[in-house]
Amino acid sequence: MVVRRDFGSRKIGGASLAQTGAPCTDKNLSYSTVMACRNPGVELDLGWVQSTRVNQPATIRRAQYLSTTRTVKKKWQASWLLRAVTCIDLTTLSGDDTPANVQRLCYKAYHPVRDDLLKAVNMQDKGITTGAVCVYPARVKEAVKYLKQAGANIPVASVATGFPSGQYPLSTRLQEVRDAVLQGASEIDIVISRTQALSGDWQGVYDEVKAFREACGEAHLKTILATGELGSLTNVYKASLVAMMAGSDFIKTSTGKEGVNAILPVGVVMCRAIRDYYQRTGYKVGFKPAGGIRSAKDACTWLALMKEELGDEWTHPSMFRIGASGLLTDIERQLYHHVYGRYAAAHQLPMS
């Protein structure tokens, strides 16, 4: 298969994908308790993987068009920003993380936007929370405890498998996944072996991701491709396909530790891979950009990408997450401006 020659130009409407296949979520559940349906995976199709080529200039043109022509203002911007809040995996992945840091993060995940701002836009009773809290495996137990104490039904995600490099023996990476699940993580963000991907060993990538999926048990698997280290957009597409074939419930751009993290051309390629996989297998896979997404405008642009490439269902936290630590502060700042007509001082917005 050769990726379409008009790879940078075609768009998809909001309802076109959602009209087929079984519903993926229970609409009676709040955003914080809804997660994508499981992707059981399929047999590795090396013919599909190896024959793929990405038209890089067209992809870049599509990304540039999206970033320069898609914008929302006034009350519509406020609505989009609140949707973005529900899709954030509020993250702390620092070497100096402490129980106090995790407790503050969990409280912010449960109360992401000031009460007066929510009341001003009549959203105070909608249960707005972030999509998840994401921490290192050693902090999972604390995150679960603090969220339970707050009465928050927010999933805890844990990075694993030798994050961020993945340069550890397979046995220890598998054990790290099992330990995180045992501590209470309901979502596991694993990293693929870039060594295997760069050497074209797609069978090896497939086998490892499949093993990680089995180690996750009932937890959802989010596979980080570390796209900034894959060398080409064609490799990004191939890695996306292989990860989905192996049973990934989400595919994720980056660890946030690479030199290049979440950028729109990569997002276009990964969204097209998700769409192609869904059209061929009937299985829906979520998408998570991470690393470098810090502004409210960036969040709206990524939401626009999801809506145009995959449809409205992929703008909900069941199918879309943004991995970020500082993004929420800017979103709350923009909401403050929408309500009060001026920007808040730093001390007026609670830290995350």
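Okay, let's start with one residue, Asp249, which sits in the loop between helix H10 (233–245) and strand E6 (250–252). Keep in mind that this is a predicted model.

So, is Asp249 buried or exposed? Its relative accessibility is 0%, and because buried means under 20%, Asp249 counts as buried. What does its side chain reach? The side chain of Asp249 gets to the backbone nitrogen of Asn39, at 2.8 Å. Leaving aside residues up to four places away in sequence, Asp249 also touches a set of others, including Cys37, Arg38, Arg213 and His220.

Now for the nonpolar side of things. In soluble globular proteins, nonpolar side chains tend to be buried together. Here, the largest nonpolar core has 98 residues, and the ones touching the most other members are Ile188, Phe287 and Ile331. Which helix gives this core its largest share? That's helix H11 (residues 264–281), with 10 residues.

Let's zoom in on Phe287. Again not counting residues up to four places away in sequence, Phe287 touches Phe250, Met270, Ile274 and Trp302, among others. There's also a second, separate core, made of 7 residues, with Cys134, Ala157, Val159 and Val191 among them.

Last stop, the pockets. The largest one has a volume of about 380 Å³. It's lined by 22 residues, and Gly256, Gly291, Gly323, Ala324 and Ser325 are the closest to its centre. What kinds of residues make up that lining? We get 12 polar, 6 nonpolar and 4 charged.

That's the tour, thanks for listening!

Methods. Residues are numbered from 1 along each chain as its sequence is written. This is a predicted model: local features need pLDDT of at least 70, side-chain atom pairs count only at pLDDT 80 or more; totals for chains, interfaces and linings use all residues. Side-chain values use heavy atoms; hydrogens and water are left out. On a 1 Å grid over the protein atoms alone, a cavity is a set of points where a 1.4 Å probe fits but cannot get out, and a pocket is an open set with protein on both sides within 12 Å along at least five of seven lines; lining residues have an atom within 4 Å of a point. Grid points are joined across faces, edges and corners, and a volume is the space filled by probe spheres set on the points. Ala, Val, Leu, Ile, Met, Phe, Trp, Tyr, Cys and Pro count as nonpolar, Asp, Glu, Lys and Arg as charged, and the others, Gly among them, as polar. A nonpolar core is a set of buried Ala, Val, Leu, Ile, Met, Phe, Trp, Tyr and Cys residues joined through side-chain atoms within 4.5 Å. Buried means under 20% relative accessible area, exposed over 50%, partly exposed in between (1.4 Å probe, protein chains only). Helices (H or I, at least four residues) and strands (E, at least two) are DSSP runs, numbered from the N terminus. Contact means heavy atoms within 4.5 Å. A polar contact is a pair of N or O atoms within 3.5 Å; within protein, one must be able to donate a hydrogen and the other to accept it, and residues adjacent in sequence count only if both atoms are side-chain atoms.
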